[in-house]
Amino acid sequence: LAMGINGQSTLVETNKTKLRSNGVVVSALAGSKKVGLGLRYKSLYEIQNVFKVGWGGGLDSYSSNLERRFIPVTLEVVGDLFVDKATPYYMVSAGYGLTLKEDESFAINASGGVTVDISIGYRAKKTTVQPFVALGYRIQHAFYNGLDDWGYEDKDVVYKRWSFSLGTFF
């Protein structure tokens, strides 16, 4: 509410910026002749109009039979290139991927490791629901040990996958 020139009160519209946004992302993870799936949730806090930081979590599978599953817990950085209603953006996340189960056929022990995801995409802004599409590259480290046909073996594995993601911030 503001006072007008003639002393009358007038309503002044303010530009309210939502400081926190949540997101849901579905990804196809392709590489090494295998396609996996990813489902992630993100909670981000706006630092500037075009820059957000937060955390993410979800479920990633690095093979077509839904084996090699991980629960990633990540720190997220998202930046818009423009302030426009629709804009290209970048996203970088890094953290740790916990193994969901010992899914290698020989594994006695399985442990997760560092996970990194770098993406570029295009998203709509200035609406309550902000859909986006992105292309990126995801890396997940894992360690397995156990018995195979030739004896005890350790496997240090790095899954490298191209990602195609669809999602929305709200």
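1. Two strands count as paired if DSSP finds at least two bridges between them. That rule applies to strand 5 and strand 6 (residues 69-80) in this predicted model. The two strands pair in the antiparallel sense, over 9 bridges. Within the pairing, Gly56 stands opposite Thr74 in strand 6.

2. Strand 5 (residues 51-61) also has a partner in strand 4. These two run antiparallel and are joined by 11 bridges. Here Arg40 stands opposite Gly58 in strand 5. Strand 4 and strand 5 form a hairpin, and 2 residues lie between them.

3. What does the secondary structure of the protein come to? The count is 0 helices and 11 strands. Along the sequence the pattern therefore reads β-β-β-β-β-β-β-β-β-β-β, since strands are DSSP runs numbered from the N terminus.

4. On contacts and burial, the figures for the protein are these. Of the contacts with a separation of 6 or more, 54% are accounted for by residues 24 or more positions apart. Buried residues make up 38% of the 170 residues.

5. How many cavities of 30 Å³ or more does a search of the whole structure find? The search finds 1. About 100 Å³ of space lies in the largest cavity. Its lining is made up of 13 residues, and Val25, Lys42, Met91, Phe132 and Ser165 are the ones that lie nearest the centre.

6. Which strands each supply at least two residues of that lining? They are strand 3 (20-31), strand 4 (34-48), strand 7 (86-99), strand 9 (113-124), strand 10 (130-148) and strand 11 (151-169). Strand 10 gives the most, with 3 residues. Strand 4, the hairpin partner of strand 5, is thus listed among the strands that supply the lining of the largest cavity.

7. By residue class, the lining of the largest cavity divides into 6 nonpolar, 3 polar and 4 charged residues.

8. The last point concerns aromatic rings. A search of the whole structure finds 7 aromatic pairs. One pair to look at is Tyr62 and Phe70: the ring centres are 5.7 Å apart and the planes stand at 75°, so the pair is edge-to-face. The cut-off behind that label is that planes over 60 degrees apart count as edge-to-face. Both Tyr62 and Phe70 are buried. Together with Tyr159, Tyr62 and Phe70 form one aromatic cluster.

Conventions:
Residues numbered from 1 in each chain as written. Predicted model: local features only at pLDDT ≥ 70, side-chain atom pairs only at ≥ 80, totals over all residues. Heavy atoms only, no water. 1 Å grid on protein atoms, 1.4 Å probe; cavity = no way out; pocket = protein on both sides within 12 Å on 5 of 7 lines; lining within 4 Å. Points joined across faces, edges and corners; volume = space filled by probe spheres on them. Helix = DSSP H or I, 4+ residues; strand = E, 2+ residues; numbered from the N terminus. Nonpolar A, V, L, I, M, F, W, Y, C, P; charged D, E, K, R; others polar. Phe/Tyr/Trp six-rings, centres within 6.5 Å; stacked < 30°, edge-to-face > 60°. Buried < 20%, exposed > 50% of the residue type's maximum accessible area, 1.4 Å probe, protein only. Contact = heavy atoms within 4.5 Å.
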